[in-house]
Amino acid sequence: PSSTGGAMAEISDSPPPEPKLTEQNPETQITESSTSQFDSKTMRKTKPGIKRLIMTLTVLISFILGFPLLMKSIEIYRAPLPFDRIESFSSKIESSPLLFPCRFRAIFVGFNYRVSNNELEEVIRRKMIDLSPSDSRCGCDGDYSVNAVVDLDEVNAVEFGGKLRGNNEEADELVKRLVNVYGEEKVYSVVVVNGEEEVKAVVGKYRHAWIVGKVSEEEAVFRVAEIFAKVFVNGRSEDGVIRNEFMPVGADGRIVLSFSLLNADPRDWIYDWDFSEIDETLLQPVIEALKPIADVTVESQVLYHTPKSSFSYWDEEHGSHIFSTQDLPFFVNSNEWHLDTSVAAGGRYIPSAKECPLQLELPNGEISKTNGFISPVISLTFKTSMWGGVVVWNPQSCIKDFESKGPVKHMISPQDLHKVFEVLIGQLRQLLGLKSDDLYVGESGTSILLGSERGFTEWELDVLSRKHFCFNLLSCATTLGSLSRLVQSLPRMIIMDEIGKQVKFSLEAAKSAQTNATVGIYDASAVSSRHSRSLAEDAFFHPSIMSISYYSFEHCFAIYSPFFLPVTMHILLAALREWKRYKQENRKYLTWKAKAKTTP
């Protein structure tokens with residue numbers, strides 16, 4: 001017992017051992033305390049890194065920043081166009097008629113009207129309105145400014161009427177001096193002289209006409225109104241409009257007159273001409289007269305071996321070979337007749353010996369006095385159809401000289417050339433929308449129409465100026481409107497600065513033409529309208545917008561998407577996947593951290 005008690009005392013006397021303390025952070029202690037509760041599928045002990053996420057986002061952002069550079073590299077240059085001005089101009093032209101202020105004067109000699117001049121003017125004006133087409137969008141202002149003068153004291157009706165019944169050319173100059181007393185230009189005048197003889201009505205080559213003879217007061221008023229409305233205003237046209245298909249003026253405002261002398265078979269004979277003489281004596285006055293309407297140039301050529309495409313037959317009654325109007329569409333041989341590139345072509349056809357003389361038979365069975373016709377002509381250069389005139393000229397002797405070993409060469413006499421070119425000028429008048437006969441048959445009677453050595457009288461040139469002014473502005477408005485709609489529908493169409501300038505100048509020229517028209521300046525308005533149409537056509541057919549570079553954005557996307565879309569989609573998916581992984585791993589870490597804090 002003693003030994004046992006001693007041992008117990010020894011144990012009780014020794015101090016208890018001190019516990020070993022180690023320095024550990026709280027997180028490690030939490031980790032050690034919660035190790036038994038850790039789930040590797042929903043928790044993680046370390047914070048996820050962001051290195052992979054930063055690298056993925058860096059690549060994605062570089063692609064996003066590079067997209068504007070890509071769009072800049074494929075950007076199309078587009079000069080600004082005045083779309084609002086074009087729309088306003090087109091709407092105004094299409095909705096409002098294009099009218100000139102026209103003034104008229106009626107001079108009555110030998111009449112005793114019981115109404116005042118103002119009432120007489122109103123009667124003439126109303127009759128003019130009744131005789132004018134109601135739907136006319138071009139020509140003179142429908143209000144018509146009419147001035148009436150009755151019984152001039154300085155004019156003797158009998159003596160003056162006798163002079164007007166004489167030579168028409170002298171009477172034309174006499175009436176011109178009479179109307180010039182008022183000192184006003186661009187006034188259409190009709191002088192009516194009452195008498196006892198048969199009525200004679202003549203329209204001069206200036207801007208006046210005269211009626212002389214036994215005519216009642218009412219008939220005189222109606223004749224004056226008809227000449228004003230039907231002749232001076234509408235140019236003897238039924239509807240007062242110009243035909244587009246008979247428009248030899250090109251889009252650039254030029255007319256190229258090509259005259260060709262066609263020798264059907266040079267083995268029979270060869271004919272040549274002195275074209276320089278015709279150019280100086282006949283064509284230059286015509287070119288000068290048409291200068292406000294178009295820039296006219298002339299060319300000529302002599303062709304050989306040019307057979308016609310149609311057939312003719314011998315007619316004993318007329319003693320000649322006959323081709324009818326039904327054969328006219330097949331007369332011009334476009335494969336053999338190289339009529340160059342003219343806008344309006346004129347040709348003289350010399351038949352071969354086996355078809356000489358060759359005459360044109362009209363539908364009524366009579367032989368044509370001019371032996372000419374107007375027909376469409378194919379341009380082999382532009383592959384387009386134009387209108388031209390053909391005159392068949394038969395040599396005086398249709399007998400071939402068989403004794404000659406080679407072809408016989410002849411020169412067409414100046415007299416024959418003048419006759420043929422008078423017919424060709426008449427055909428040109430028809431192409432321009434005018435008639436070539438020298439009579440006007442109206443409701444009130446028949447009037448004689450004097451011609452001019454220039455081929456066009458002054459009142460006819462006024463009619464052409466008005467009609468071409470309207471045609472040019474309508475074409476300009478249509479072209480600019482089409483260009484505006486085309487440019488706005490194709491956002492990637494190239495629009496050069498030159499196109500913008502052409503559109504701007506075209507609108508300015510059109511405005512100038514309208515301004516000149518409102519004050520009755522015919523020549524200036526025609527020239528400005530021609531320039532406006534030419535500039536509009538140049539802008540619409542500019543080579544830069546005819547290229548293939550104006551593809552749409554959808555086409556651009558279809559071209560570049562096979563190259564960039566796969567790479568972009570992979571990068572975008574990788575960035576989304578990396579962002580999703582980072583959020584998932586970070587969620588595991590936060591779950592483990594929250595779990596560890598709640599564990600004792």
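The following exercises, each with a worked solution, concern helix packing and salt bridges in a predicted model.

**Exercise 1.** Describe how helix α9 and helix α10 cross, and state which residues make the contact.

*Solution.* Two packed helices are described by the angle between their axes and the distance between the axes. Begin by locating the two elements, since α9 covers residues 275-289 and α10 covers residues 414-431. Their axes come within 11 Å and cross at roughly 35°, and the crossing is right-handed. Next, list the residues in contact: α9 contributes F275, E277, I278, T281, L282, L283 and V286, while α10 contributes P414, L417, H418, F421, I425 and L428. Finally, sort these residues by class, which gives ten nonpolar, two polar and one charged residues for the contact of α9 with α10.

**Exercise 2.** Determine which parts of the chain are linked by the salt bridge between R165 and E197, and whether R165 is buried or partly exposed.

*Solution.* The side chains of R165 and E197 meet at 3.0 Å, N to O. To place the partners, note that R165 lies in the loop between α6 (157-164) and α7 (168-179), whereas E197 lies in the loop between β5 (187-194) and β6 (200-203), so that the pair, 32 residues apart, links distant parts of the chain. R165 has a relative accessibility of 27% and therefore counts as partly exposed.

**Exercise 3.** Compare the burial of the two partners in the salt bridge between E169 and K205.

*Solution.* Here the side chains meet at 3.5 Å, N to O. E169 belongs to helix α7 and K205 to the loop between β6 and β7 (208-213), with their positions 36 residues apart in the chain. The cut-off for buried is under 20% relative accessible area. K205, with 13%, is therefore buried, whereas E169, at 37% relative accessibility, counts as partly exposed.

**Exercise 4.** Locate R236 and D437, and assign each to a burial class.

*Solution.* R236 and D437 form a salt bridge in which the closest N and O atoms are 2.8 Å apart. R236 sits in the loop between α8 (217-233) and β8 (254-263), and D437 in the loop between α10 and β18 (439-441); the two residues are 201 residues apart and link distant parts of the chain. At 5% relative accessibility R236 counts as buried, while D437, at 41%, counts as partly exposed.

**Exercise 5.** State how many salt bridges the structure holds, and which residues are linked with R44 in a network.

*Solution.* The structure holds 18 salt bridges. R44 is linked with E585 and K588 in a network of salt bridges.

Methods: Residues numbered from 1 in each chain as written. Predicted model: local features only at pLDDT ≥ 70, side-chain atom pairs only at ≥ 80, totals over all residues. Heavy atoms only, no water. Axes fitted to C-alpha atoms, helices over the stretch in contact; angles between N-to-C directions. Helix = DSSP H or I, 4+ residues; strand = E, 2+ residues; numbered from the N terminus. Left-handed = near helix turned anticlockwise from the far one by under 90°. Contact = heavy atoms within 4.5 Å. Nonpolar A, V, L, I, M, F, W, Y, C, P; charged D, E, K, R; others polar. Salt bridge = Lys/Arg side-chain N within 4 Å of Asp/Glu carboxyl O. Buried < 20%, exposed > 50% of the residue type's maximum accessible area, 1.4 Å probe, protein only.
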